[in-house]
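Dear colleague,

Please find below the structure that I am handing over to you. I should be grateful if you would keep it open while reading the notes beneath it.

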Amino acid sequence: MKRIFLFGVAAAAALAVGQAVLPVQAQDAMAAYESRHKAMESLSGSMKTLAAFVKENQGSMSEVVAAADNIHTVAMNIPSMFPANSMTEKSRAKAEIWTMWSDFEADAKALAEASNKMLMAAKAGDADAVKASFGAVGSACGDCHKGYRGPKK
């Protein structure tokens, strides 16, 4: 009788722990999604600032430096924004991020390198070099989007 009672208590405890863990995991996934969504939105805004500078000669070099710095900062942190089990219904991230992790990291590194070149050019006040590096930054963003971002929901 004692064994049955203890087994029942253990099973109930395991079930309670399992139920407690699921909401925490869902909260963690939502927090990761919201954090990376904000970061990617800021990256998009920075690209718009740079596009206006590159294509229309709009904006100041200080705005370009800030935009390039933001892109570089986000790029350096992209892998950490995608922890395992951080998918949500809202997320456009594809499962390939985690199944092809080393390729995903390589794409993030390519963006970090391209954005660093742009940042160095912007800090030096070299508008021509900023404009020359814009295509590489855009291509690096696009490469990651092609492989790892799903359609809008």
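The notes below go from the whole chain to its helices, its core and a few single residues.

The model is a predicted one. The mean pLDDT of the protein chain is 87, and 83% of its residues reach 70 or more. Over residues 1–24, however, the pLDDT is below 50, and this stretch has 0 contacts in the model beyond near neighbours in sequence. Where pLDDT is low, predicted coordinates should not be read in detail. I would ask you to bear this in mind when viewing residues 1–24, where the pLDDT is below 50.

Overall architecture

The secondary structure consists of 5 helices and 0 strands, and from the N terminus the order of elements is α-α-α-α-α. The protein chain has 153 residues, of which 31% count as buried. Its accessible surface is about 9,500 Å², and carbon and sulfur atoms account for 60% of that area. Taking the contacts between residues at least 6 apart in sequence, 76% join residues at least 24 apart.

Helix 2

Helix 2 covers residues 61–77; at 1.5 Å a residue, its 17 residues should span 24 Å, and the end C-alpha atoms are indeed 24 Å apart, which agrees. The buried residues of this helix are Val64, Ala67, Ala68, Ile71, His72, Val74 and Ala75. Viewed down the axis of helix 2, these buried residues fall within an arc of 165°, so they line one face of the helix. An α-helix has 3.6 residues a turn, so residues three or four places apart point the same way. The face of helix 2 turned away from the buried side carries the exposed residues Ser62 and Met76.

Helix 4 and the core

Helix 4 has 23 residues and reaches 32 Å from its first C-alpha to its last, close to the 33 Å expected at 1.5 Å a residue. Its buried residues are Phe104, Ala108, Leu111, Ala112, Ala114, Ser115, Met118, Leu119, Ala121 and Ala122. Just after helix 4, Gly125 takes a positive phi of about 75°.

In soluble globular proteins, nonpolar side chains tend to be buried together. In this model, the largest nonpolar core has 34 residues, and Leu50 and Leu111 touch the most other members. The elements that give two or more residues to this core are helix 1 (2–56), helix 2, helix 4 (101–123) and helix 5 (127–148). Of these, helix 4 gives the most, with 9 residues.

Which residues does Leu111 touch, not counting those up to four places away in sequence? They are Leu43, Ile71, Ala75, Ile78, Val137, Ala140 and Cys141. Two of these, Ile71 and Ala75, are among the buried residues of helix 2.

Helix 1 and helix 5

Val54 lies in helix 1 and, at 19% relative accessibility, falls under the 20% cut-off and therefore counts as buried. Leaving aside neighbours within four places in sequence, Val54 is in contact with Lys131 and Phe134. The C-alpha atoms of Val54 and Ser133 are separated by 9.8 Å, although these residues are 79 places apart along the chain.

Ala132 is found in helix 5. Is Ala132 buried or exposed? At 64% relative accessibility, Ala132 counts as exposed, because the cut-off for that class is over 50%. Ala132 and Met118 are 14 residues apart along the chain, and 8.4 Å separates their C-alpha atoms.

Two loop asparagines

Asn57 is placed in the loop between helix 1 and helix 2. Its phi is near 55°, a positive value in a residue other than glycine. With a relative accessibility of 57%, Asn57 counts as exposed.

Asn85 is placed in the loop between helix 2 and helix 3 (96–99). Asn85 also has a positive phi, of about 60°, although it is not a glycine. At 71% relative accessibility, Asn85 counts as exposed. Asn85 and Ala95 are 10 residues apart in sequence, and their C-alpha atoms are 9.9 Å apart in space.

With kind regards

Terms used
Residues are numbered from 1 along each chain as its sequence is written. This is a predicted model: local features need pLDDT of at least 70, side-chain atom pairs count only at pLDDT 80 or more; totals for chains, interfaces and linings use all residues. Side-chain values use heavy atoms; hydrogens and water are left out. pLDDT is the predictor's confidence in each residue, from 0 to 100. Contact means heavy atoms within 4.5 Å. Helices (H or I, at least four residues) and strands (E, at least two) are DSSP runs, numbered from the N terminus. The expected span of a helix is 1.5 Å times one less than its number of residues. Buried means under 20% relative accessible area, exposed over 50%, partly exposed in between (1.4 Å probe, protein chains only). The arc is that of the directions from the helix axis to the C-beta atoms. A nonpolar core is a set of buried Ala, Val, Leu, Ile, Met, Phe, Trp, Tyr and Cys residues joined through side-chain atoms within 4.5 Å. Accessible areas come from the Shrake-Rupley method with a 1.4 Å probe; for residues, only the protein chains shown count as cover.
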